[in-house]
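Work through the exercises below with the structure open beside you. Try each task before reading its solution.

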Amino acid sequence: MLAASLVAAAPPALADKVSVIDVLGRKVEVEAPVQRVILGEGRQMYFVAALDKDDPFKRVVGWRDDLSKADPDSYKQYLARYPQIAKLPSFGGAKEGAFDIEQAIALKPDVLFLNVEAKVASDEASLVDKLAAVGIPVVYVDFREKPFQNTEPSMRVIGKLFGQEKLAEDFIAFRAAEIARVTDRLAKTPNLKRPLVMMERAGGYSDDCCMSFGSENFGKMVEIAGGKNFASDLIPGTFGTVNPEAVVAANPDVVIITGGNWGAYVPGGAWVGLGPGADMVEARRKLAGLAKRPAYSQTKAVKDGRVHAIWHQFYNSPYQFVAIQEIAKWLHPELFKDLDADATLKTLHERFLPLPYEPGYWVSLERK
């Protein structure tokens, strides 16, 4: 038994030590192509699945438990197709201090991918040093804090460690071309008028209003799509909160609220349930309820019927280009009347992802 376990733990014969620079600028040496991976964020699967489309979990020996909670509809799609993931070892988040180091070591991973927002907590727990002491490297990636700076480097480093560099570059090129379909047209539009957009993060998740985005993440998506993000001047970082009275005073032209299926966190909440296979009638009903809150009820956006909701997880995946297209169409409907973000999302699934496409990623109030 001992000999067998030693053989199982040995690196594959074709593995070679490679150096990568992660998104924090750390030089990390890893035996690659990696065969055993721990995902410090379950939603890293959004890109991992694109690299291993035929068998997306073949390298994954453990993952954080967030996908099943934050995006249960995608998790159910994966579970139906790959039932073995029900037994995949799971972890709490490093950011919450719930990452089990001993469990991670026992799984003998070739690499652990952590999101950058976990760095402070991982430093406090000496996580990187403890894993390095037993030969397990940690690589930081980011699709959330500064996605327009770090998404492409994150995809490249994962692609290199998977031995799938060309496929990663194909994805990067596809993403860039789809963003260019928006930015090229905007650049050629003289005297472009940018509507003022209030971008609310996870509206209805709590009774409070209003969480929003600074100049990154969805705030940046609004700017790329030809709008002016209301909170960019009020929130110094990526995430923050704005005062409802400030929203009323600003009188935004458009309101966009991110939504998801958060039944695991806030059962029966007022959040707009979006994601693959979402109930659009219920989503629209909830969006109408959120539009009646004091922050929005008297705004130009509500009076003109320009209130929308979009899948929250575009904020934590390399799929931001799809959100940019749909937002551009909301902001400039005449300019982008031929742009079909739904078709773009279908193409993404057909070209890169192992799951069939199901609609349900955005909803709008019906204009009166």
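**Exercise 1: Strands in register**

Val 37 stands opposite Val 111 in β6. The model is predicted.

Task: Find how many bridges join β3 to β6, and state in which direction the two strands run relative to each other.

Solution. Step 1: locate β3 at residues 37-39 and β6 at residues 111-115. Step 2: count the bridges between β3 and β6; there are three. Step 3: compare the directions; β3 and β6 run parallel.

**Exercise 2: The sheet and a helix**

Task: Give the strand order of the open sheet, name its edge strands, and say which strands helix α8 lies across.

Solution. Step 1: the sheet has five strands in the order β5-β4-β3-β6-β7, and the pairing is parallel. Step 2: look for strands that pair on one side only; these are β5 (90-91) and β7 (138-141), the edge strands. Step 3: follow helix α8, residues 147-162, which lies across β3, β6 and β7. The angle between α8 and β7 is about 145°.

**Exercise 3: The largest cavity**

Task: Which helix supplies the largest share of the lining of the largest cavity, and how do the lining residues divide by polarity?

Solution. Step 1: counting cavities of 30 Å³ or more gives three, and the largest has a volume of about 120 Å³. Step 2: list its lining, which includes Tyr 46, Trp 311, His 349 and Tyr 361. Step 3: check the helices; α4 (72-81) and α15 (341-352) each supply at least two lining residues. The largest share, three residues, comes from α4. Step 4: sort the lining residues into nine nonpolar, three polar and no charged.

How values were computed. Residues are numbered from 1 along each chain as its sequence is written. This is a predicted model: local features need pLDDT of at least 70, side-chain atom pairs count only at pLDDT 80 or more; totals for chains, interfaces and linings use all residues. Side-chain values use heavy atoms; hydrogens and water are left out. Two strands pair if DSSP finds at least two bridges between them. Helices (H or I, at least four residues) and strands (E, at least two) are DSSP runs, numbered from the N terminus. Contact means heavy atoms within 4.5 Å. Axes are lines fitted to C-alpha atoms, for helices over the stretch in contact, and angles run from 0 to 180 degrees between N-to-C directions. On a 1 Å grid over the protein atoms alone, a cavity is a set of points where a 1.4 Å probe fits but cannot get out, and a pocket is an open set with protein on both sides within 12 Å along at least five of seven lines; lining residues have an atom within 4 Å of a point. Grid points are joined across faces, edges and corners, and a volume is the space filled by probe spheres set on the points. Ala, Val, Leu, Ile, Met, Phe, Trp, Tyr, Cys and Pro count as nonpolar, Asp, Glu, Lys and Arg as charged, and the others, Gly among them, as polar.
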